[in-house]
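Q: I'm new to this, so please zoom in on one part for me: how the strands pair up, and what sits around them. Take it slowly!

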Amino acid sequence: MTVNWIGLCRLDDLPGDGMYAYEVGSKKLAVYLLDGKVYATDNVCTHAFALLTDGWLEDGLVECPLHGAQFDVTTGAVVRGPADCAVPVFETRIRDGLIEVRIDD
Ligand code: FES
């Protein structure tokens with residue numbers, strides 16, 4: 001296994017708390033900024049196909065725009081169906097102001 005830290009953007013470039021979509025290769029990522037902390041999940045809902053960043057973010061939960069499943073952005077856990085599988089989460093870090101996400105091969 002190869003550990004890869006991928007730089008996404010500068011923390012200062014994000015306008016504030018919210019969620020942001022990124023693509024790294026074929027992977028779609030959702031990056032969440034909450035009270036100065038950064039989290040990342042896969043951006044595709046585990047129920048069917050919808051981008052979580054097209055939904056709503058409130059109190060650390062992201063709601064899918066298609067059927068309303070909710071996921072905890074810090075753990076990926078399903079909080080409300082109809083999804084029944086957690087969304088994958090990715091470790092993040094900030095180095096010299098750059099947000100990086102860990103995507104292992
Ligand atoms: S596609 Fe997300 S809840 Fe159905």
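A: First, a bit of vocabulary: two strands count as paired if DSSP finds at least two bridges between them. Keep in mind that this is a predicted model.

Now the sheet. Four strands make an open sheet in the order S2-S3-S4-S9, with antiparallel pairing. Its edges are S2 (18–24) and S9 (89–90), each of which pairs on one side only. Look at where S9 joins in: two bridges link it to S4 (residues 37–42), and these two strands run antiparallel. One partnership to find is threonine 41, whose bridge partner in S9 is valine 89.

Back at the other edge strand, S2, the side chain of glutamate 23 meets that of lysine 28 in a salt bridge, 3.3 Å from N to O. Glutamate 23 counts as exposed because its relative accessibility is 58%, whereas lysine 28, at 25%, is partly exposed.

Just along the chain from S9, S10 (residues 92–95) and S11 (residues 98–102) pair with each other, antiparallel again, over four bridges. Here arginine 93 stands opposite glutamate 100. Two residues separate the strands of this hairpin, and aspartate 96 takes a positive phi near 50 degrees.

At the end of S11, arginine 102 forms a salt bridge with aspartate 104, their closest N and O atoms being 3.0 Å apart. Arginine 102 is partly exposed at 23%, and aspartate 104 is partly exposed too, at 29%. Glu91 joins Arg102 and Asp104 in a network of salt bridges.

Notes: Residues numbered from 1 in each chain as written. Predicted model: local features only at pLDDT ≥ 70, side-chain atom pairs only at ≥ 80, totals over all residues. Heavy atoms only, no water. Salt bridge = Lys/Arg side-chain N within 4 Å of Asp/Glu carboxyl O. Buried < 20%, exposed > 50% of the residue type's maximum accessible area, 1.4 Å probe, protein only.
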